[in-house]
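Me: I should like a close look at one part of this model, beginning with a single residue and following the contacts of its surroundings outward. Please keep the account formal and connected.

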Amino acid sequence: MAPKISGRVQQLAADLADDVARGEVVAVLDDAEFIQEVARARAELEVALANQGEAESLLKIAERELLRFEKLRGGGLSSESQLDVATAEVLAKQAMVKVARATIARAEADLAAARIRLGYAQVTADWQGGSSHRVVAERYVDEGETVSANAPLLRIVELDPITAVFFVTERDYARLQPGLSVRLATDAYPGRQFGGRIQRIAPVFREATRQARVEVRVDNPAATLKPGMFVRATVVLERLEQATIGPEQALVSRDDRRGLFLVRDEGTAAWHPVEVGIRQDERVQVVGEGLDGPVVVLGQQLLEEGTPVRVANVAADATP
């Protein structure tokens with residue numbers, strides 16, 4: 001929240017972690033100067049109203065004088081020039097009335113503007129949409145400090161729902177769409193997962209990272225998740241009933257192709273090129289010929305076809 005005017009902070013009605021309702025006054029600035037502006041504008045309006053009354057009275061007198069000269073002229077008792085002077089006087093008084101009315105309109109606008117500026121001395125927690133209550137996340141000033149216009153006083157955030165953000169590369173970008181389910185995990189709550197759905201996907205990639213921003217809406221009724229936490233997002237892009245899965249660390253590159261080394265029965269390494277599919281945690285789906293047997297997961301970068309290997313310990317996830 002930030003004030004629209006500068007001034008001294010007279011009172012802060014909200015502090016860190018306080019619950020704030022929409023429209024609630026969270027800060028009050030010293031308003032003595034603005035009260036004086038309202039009083040001055042009101043006085044100028046009263047002067048303008050008085051000037052209008054005087055101008056209308058003079059107009060009525062001029063109109064009666066013109067009517068009298070018209071009657072005298074009809075009886076041949078006044079000259080044409082006298083009638084012209086009376087007519088000009090009426091026109092002048094009519095102009096004075098118009099000026100007085102315009103002055104009143106300007107004075108009324110000045111008074112309204114002064115009242116608006118006076119209202120700005122009370123800073124309210126206003127936001128559009130979302131829940132009617134939010135929480136103060138940060139306080140930037142103390143009572144008694146002087147702040148400039150639009151300088152932040154408080155940071156007020158919404159905790160339910162909360163928005164999680166992750167970035168995706170071009171490889172997976174086309175497979176994402178709003179509405180997909182996302183599982184979130186954070187170090188603050190080990191072993192616990194939070195569900196959400198993709199709400200927005202950026203239409204452009206960041207030039208520096210070649211990644212696009214993805215926003216996830218997460219229901220957070222207990223306010224467990226907090227803004228600024230780091231989360232790990234898992235999105236299920238595809239499901240297969242039958243798939244060959246291997247450890248991602250076993251993958252190596254040979255002649256611009258990706259593959260892995262299997263251990264033959266005679267204890268030698270056999271190179272098998274593969275296509276990589278679905279990823280889950282540290283495991284990947286591999287598609288290729290003859291993928292059956294132990295996989296080399298240590299030192300495979302130094303192997304060639306037929307290199308003798310020794311199986312020290314076959315891990316449960318080291319076999320496709």
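What is the relative accessibility of Asp-30?

Reply: The structure is a predicted model. Within it, Asp-30 has a relative accessibility of 30% and therefore counts as partly exposed, since that class lies between the cut-offs of 20% and 50%. The side chain of Asp-30 takes part in a salt bridge with Arg-8, in which the closest N and O atoms are 3.9 Å apart. Arg-8 belongs to strand β1 (residues 7–12), whereas Asp-30 sits in the loop between β3 (25–29) and α1 (32–74), so the bridge ties together parts that are 22 residues apart in sequence. Arg-8 is likewise partly exposed, with a relative accessible area of 36%. With a limit of 4 Å between nitrogen and oxygen, the distance of 3.9 Å falls within the cut-off for a salt bridge. The search of the whole structure finds 17 salt bridges.

The loop that holds Asp-30 leads to helix α1. This helix has 43 residues, which at 1.5 Å a residue should span 63 Å, and the distance of 63 Å between its end C-alpha atoms agrees with that expectation. The buried residues of α1 include Phe-34, Glu-37, Val-38, Ala-41, Leu-45 and Ala-48. Further along the helix, Gln-52, Ala-55, Leu-59, Ala-62, Leu-66 and Phe-69 are also among them. Because an α-helix has 3.6 residues a turn, residues three or four places apart point the same way. What covers the buried residues of α1 includes α2. After α1 comes Gly-76, whose phi is positive, near 75°.

Glu-37, one of the buried residues of α1, has a charged partner. Its side chain meets that of Arg-117 in a salt bridge, at 2.9 Å from N to O. Arg-117 lies in helix α2 (residues 80–119) and Glu-37 in helix α1, so this pair ties together parts that are 80 residues apart in sequence. The two residues fall into separate accessibility classes: Glu-37 is buried, with a relative accessible area of 16%, while Arg-117 is partly exposed at 33%.

Other salt bridges occur elsewhere in the chain. Asp-15, Arg-139 and Asp-142 are linked in a network of such bridges. Glu-170 is paired with Arg-210, the closest N and O atoms being 3.4 Å apart. Here Glu-170 belongs to helix α3 (residues 170–173) and Arg-210 to the loop between β10 and β11, so the pair ties together parts that are 40 residues apart in sequence. Both partners count as partly exposed, Glu-170 at 48% relative accessibility and Arg-210 at 42%.

Arg-210 also has a backbone feature: its phi is positive, near 55°, although the residue is not a glycine. Asp-255 shares this kind of feature, with a positive phi of about 50°. It is found in the loop between β14 (252–254) and β15 (257–263) and is exposed, with a relative accessible area of 76%. As background, most residues other than glycine have a negative phi, and most peptide bonds are trans. The peptide bond from Asp-160 to Pro-161, by contrast, is cis, with omega near 0°. Pro-161 is placed in the loop between β7 (154–157) and β8 (162–169).

Asp-160 can also be related to Gly-130: their C-alpha atoms are separated by 8.6 Å, although the two residues are 30 residues apart along the chain. Gly-130 lies in the loop between β4 (122–124) and β5 (133–139) and is exposed, with a relative accessible area of 57%. Leaving aside neighbours within four places in sequence, Gly-130 is in contact with Arg-22 and Glu-158.

Strand β8 and helix α3 lead finally to the largest pocket, whose volume is about 1200 Å³. The elements giving two or more residues to its lining are β8, α3, β12 (232–235), β17 (275–280) and β18 (283–287). Of these, β8 gives the most, with 5 residues. The lining comprises 33 residues, and those nearest the centre of the pocket are Thr-234, Val-235, Arg-279, Gln-280 and Asp-281. By class, 15 of the lining residues are nonpolar, 7 polar and 11 charged.

Definitions and conventions
Residues numbered from 1 in each chain as written. Predicted model: local features only at pLDDT ≥ 70, side-chain atom pairs only at ≥ 80, totals over all residues. Heavy atoms only, no water. Helix = DSSP H or I, 4+ residues; strand = E, 2+ residues; numbered from the N terminus. Buried < 20%, exposed > 50% of the residue type's maximum accessible area, 1.4 Å probe, protein only. Expected span 1.5 Å × (residues − 1). Contact = heavy atoms within 4.5 Å. 1 Å grid on protein atoms, 1.4 Å probe; cavity = no way out; pocket = protein on both sides within 12 Å on 5 of 7 lines; lining within 4 Å. Points joined across faces, edges and corners; volume = space filled by probe spheres on them. Nonpolar A, V, L, I, M, F, W, Y, C, P; charged D, E, K, R; others polar.
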